[in-house]
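Reader: Hey, can you walk me through this one? I'm new to reading structures.
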Amino acid sequence: MFYKKSPLITGLILLWSLTIVAQNNINLERSTPEKEGVSSAGILNFINAANSSKHEFHSFMFLRHGKVISEGWWNPYKADLKHTMYSCSKSFTATAVGFAVSEKKLSVNDKVITFFPNDLPDTISNNLKALTIKDVLSMSDGQEPDPTFGVVTKDSNWVRSFLATPILYKPGTKFLYNSLGTYMLSAIVQKATGEKVIDYLRLRLFSPLGITDVDWEVDPKGINTGGWGLRIRTEGLAKFGQLFLQKGKWNNKQILPTAWIEEASALKIIQHPELSQAKRDSSDWEQGYCYQMWRCRNNAYRGDGAYGQFIIVMPEQDAVIAITAETPDMQDELNLVWKYLLPSIKKSSLPADNKSIVALRQKLSALALPMPVKTDTAYTNLVSGRSYSITTNDSHITNMAFKFSGNICSVTVKTDTASYLLNFKSGAWQIGETTKPGPYLLATAKANHAGLPPFKIAGSYNWKDAKTLELILRYVERPHSEKMECHFNDDKITVNLISSISPDKNVTIEGTQTSN
């Protein structure tokens, strides 16, 4: 039987459809720097300094008065790619706590042990009894040293291991960076709400802000890792920062209570109170810690993650800056922001600077990471079709095979447990994906990568000399890359495996040709 739809039902369906479309297409408004009171020349100086620095920038987005005034991605990184956030994830986990507090599902004064009665140690110390959510939020759990790596690489029940770790200091009195503590916040939110943090945030944070392409690692029990593992696009970072700048309001709707934003971004504990004021003034890591965020110099605050992932909120300037990168020196990366971008921000709009605007747009559109020039050698044809049995190695690689076709080099890497086909292009990036795990700070954590799709990659190759093939593999949804320098000598191969996480700790493998 068919029913005729009434105008009211038709209207409701249309309204529902438009709401869904609106939620999925909430984009930040774009403007020009000068119109929003920022110097294009100053931003251009920042980009030039970034390109000549020791840092490898992957993306950059600058918001003023809620509008994007400058943005760029260093090829092969792209605007539509997620990026691993490392400890920037912590700020999102704390925000999940904020939503749960606003919905009266928990309080920051709740005792941690009350959520996990079945995982408690036989003897519960007074310090463990006293530990509150607020202590964990402010990185003052009282444990020392940080138990994170020792737990996540050895145990499948991270909650139980955290609760069994001795708390040496009275909670709330001593700062110690503790990523496993943030994981506990994720576990608490899941206990209190019945949802993983990513699912709990989807309706409350991600959908209202139009953030759709997000994923998050889980532990062996299916709990989001909390302190790391979030992957999100750069614009999602910028929107998150803008929500905080706007005191929890989005599109004229209060998404998160203003009181929580103010509480979460306010100083809770000083990292090293014994330091002199001069030393504290020179570091963005000595300005005080909030709820899973850091206070910065210049009265700003930030979420940050290893290797240079930043959400910088600047209330006095009404600005937000989002950066993804790979750097060995995060303080120096921030110094570039304070040196070039901060002075470029003025109190009111500026006269149009067409010359600088054009130069900035050209620079941003041409951003790219260095790539070896296109090369060739007679060894291309000699190596193509060869397979090598790897005889000595610490990487579990058992076989490598090479095939050249046009400007593509296809390499099959076999390990003890799997086989991976990787494609590299000469003089350009070959875009693809793989299930081969790449460099990652938490690579040894149990269940890492669980539930995530294959990794997006970009590969390029060149001949460093007549017999040495360099393969560059970028994991473009992570900060990291790896190189394989393959030296061929008659029927022998020597391969140096170089990770961008620890470029000074190469792994060398050797092998012998088995087929041609």
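Author: Sure, one term before we start: contact means heavy atoms within 4.5 Å. This is a predicted model, where local features need pLDDT of at least 70, side-chain atom pairs count only at pLDDT 80 or more, and totals for chains, interfaces and linings use all residues. Residues are numbered from 1 along each chain as its sequence is written, and side-chain values use heavy atoms, with hydrogens and water left out.

Reader: Ok, so what is Asp 141 in contact with?
Author: Leaving aside neighbours within four places in sequence, its contacts include Leu 131, Phe 162, Ile 167 and Pro 171.

Reader: And how many disulfides are there?
Author: A search of the whole structure finds 0; a disulfide is a pair of cysteine sulfur atoms within 2.5 Å.

Reader: Why doesn't Cys 88 have a bond?
Author: Because the closest cysteine sulfur, in Cys 296, is 11 Å from the sulfur of Cys 88, too far for a bond.

Reader: What about Cys 290?
Author: Cys 296 again holds the closest cysteine sulfur, but at 8.6 Å that is too far for a bond.

Reader: Is Cys 290 buried or exposed?
Author: Cys 290 is buried, with a relative accessible area of 0%. Buried means under 20% relative accessible area, exposed over 50%, partly exposed in between (1.4 Å probe, protein chains only).

Reader: New topic: what's the strand order in the open sheet?
Author: The 6 strands go β2-β1-β11-β10-β9-β8, with antiparallel pairing. Strands (E, at least two residues) are DSSP runs, as are helices (H or I, at least four), numbered from the N terminus, and two strands pair if DSSP finds at least two bridges between them.
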